[in-house]
Amino acid sequence: MTLETGRLPASGVESMFDRIAPVYDAMNRVMTAGLDQRWRRLTAAATVRPGDEVLDGCCGTGDLAVACTRAGGRVTGLDFSERMLERARRKAPDVTWVRGDLLQLPFETASFDAATVGFGVRNVDDLQQALRELRRVLRTDGRIGILEITRPRGILAPFYKLWFDVAVPLIGKLLPGGSAYTYLPASVRRFPPPDDLAELMREAGFRDVGYRLLAGGIVALHTGAVR
């Protein structure tokens, strides 16, 4: 398991995100031309209702959790990288920040009205288990929103390949700990395409599953519900 294959053990993923925490926000802005914040707001708007108890899994430095708070949710952000959580706490001290694993959520069944994951599910070692855990902690009529990078088809495909496979790793290497960005394109290549992820969500027990492609198909926002 290596950065180049896009597969790392859980300890390797944790260590990698600890290292890149100082440059994580800057790289997100560079990689997405600043659009990542808009995508997070769309995810929050599609998933969160005012007054909801919300879980933001793989919360990283907290940007999606903050968006969910602004959408009216009472948010718990979970991540297993302590360095990421340190930065998240500075952004939103009113959010409940928890160090934990998406594969073994430290919450009782039916604890939340909504759950979000932004740019995180492709990093888990067992995607189906992560989806089952998210399903477990949601109440009846609960909602899920998963925002993730995907691989576009058509005219954007060559640009995408040049940007994510070549430019992003090179830019990452200029930053402290940024060599981990060789992992990004590999992790996207091995991640299920949107139709397959939608089917995995259905298999995990979600209903009304659908997705929306953003930025010409570079990003997908999947939504689903618990019935």
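The following paragraphs lead through a predicted model, beginning with its sheet and moving on to the helices, the empty spaces and two residues of the backbone.

The sheet offers a convenient starting point. Strands of a sheet pair through backbone hydrogen bonds, either parallel or antiparallel. In this model an open sheet is formed by 7 strands in the order β3-β2-β1-β4-β5-β7-β6, and the pairing within this sheet is mixed. Because β3 (96–99) and β6 (207–214) each have a single partner strand, they stand at the edges, and one side of each is left without a neighbour in the sheet. On average, and with direction ignored, neighbouring strands of this sheet are turned by 15° against each other. One pairing can be followed in detail: strand β1 (residues 53–57) and strand β2 (residues 74–79) run parallel and are joined by 5 bridges, and in this region leucine 55 stands opposite threonine 76 in β2.

Helices lie across these strands. Helix α2 (residues 36–47) lies across β4 (112–118), β5 (138–149), β6 and β7 (219–225), and its direction makes an angle of about 165° with β5. Helix α3 (residues 63–70), in turn, lies across β1, β2, β3 and β4, running at about 145° to β4. Strand β4 is thus crossed by α2 and also by α3.

From α2 the view can be extended to α1. Two packed helices are described by the angle between their axes and the distance between the axes. For α1 and α2 the packing angle is about 95°, and the axes are 8 Å apart; the two helices are therefore roughly perpendicular to each other. The contact brings Tyr24, Asn28, Arg29 and Thr32 of α1 to Asp36, Gln37, Trp39 and Arg40 of α2. By class, the residues of this contact comprise 2 nonpolar, 3 polar and 3 charged.

What empty space is left among these elements? Rolling a probe the size of a water molecule over the atoms shows where empty space is left. The largest pocket has a volume of about 370 Å³ and a lining of 26 residues, among which Met31, Thr32, Ile149, Phe164 and Leu184 lie nearest its centre. At least two lining residues come from each of α1 (10–32), α6 (157–173) and α7 (183–190), with α1 giving the most, 8 residues. The lining of the largest pocket is made up of 22 nonpolar, 3 polar and 1 charged residues. Thr32, one of the residues nearest the centre of the largest pocket, is also one of the α1 residues that meet α2.

Besides the pocket, the model holds 2 cavities of 30 Å³ or more. The largest cavity, with a volume of about 70 Å³, is lined by residues that include Tyr24, Asp25, Arg40, Asp56, Gly57, Cys58 and Gly118. Here α1, β1 and α3 each supply at least two residues, and the classes are represented by 4 nonpolar, 4 polar and 4 charged residues. Tyr24 and Arg40, both in this lining, take part in the contact of α1 with α2 as well. The second largest cavity has a volume of about 40 Å³, and its lining consists of Glu148, Ile149, Thr150, Phe191, Pro192, Pro193, Pro194, Leu197, Ala220 and His222. Two or more of these residues are given by each of β5, α8 (194–203) and β7. In this second lining there are 7 nonpolar, 2 polar and 1 charged residues. Ile149 belongs to the lining of the second largest cavity and lies among the residues nearest the centre of the largest pocket.

The last topic is the backbone. Most residues other than glycine have a negative phi, and most peptide bonds are trans. Cysteine 58, although not a glycine, has a positive phi of about 50°; this residue lies in the loop between β1 and α3. Phenylalanine 119, likewise a residue other than glycine, has a positive phi near 55° and is found in the loop between β4 and α5 (127–137).

Cysteine 58 also links parts of the chain that are separated in sequence. Between cysteine 58 and valine 117 there are 6.1 Å in space, C-alpha to C-alpha, although the two are 59 residues apart in sequence. With its neighbours within four places in sequence left aside, cysteine 58 is in contact with Leu78, Asp79, Leu102, Val117, Gly118, Gly120 and Val124. Of these contacts, Gly118 shares with cysteine 58 a place in the lining of the largest cavity.

Terms used:
Residues are numbered from 1 along each chain as its sequence is written. This is a predicted model: local features need pLDDT of at least 70, side-chain atom pairs count only at pLDDT 80 or more; totals for chains, interfaces and linings use all residues. Side-chain values use heavy atoms; hydrogens and water are left out. Two strands pair if DSSP finds at least two bridges between them. Helices (H or I, at least four residues) and strands (E, at least two) are DSSP runs, numbered from the N terminus. Axes are lines fitted to C-alpha atoms, for helices over the stretch in contact, and angles run from 0 to 180 degrees between N-to-C directions. Contact means heavy atoms within 4.5 Å. On a 1 Å grid over the protein atoms alone, a cavity is a set of points where a 1.4 Å probe fits but cannot get out, and a pocket is an open set with protein on both sides within 12 Å along at least five of seven lines; lining residues have an atom within 4 Å of a point. Grid points are joined across faces, edges and corners, and a volume is the space filled by probe spheres set on the points. Ala, Val, Leu, Ile, Met, Phe, Trp, Tyr, Cys and Pro count as nonpolar, Asp, Glu, Lys and Arg as charged, and the others, Gly among them, as polar. Angles under 35 degrees count as roughly parallel, over 145 as roughly antiparallel, 65 to 115 as roughly perpendicular and the rest as oblique.
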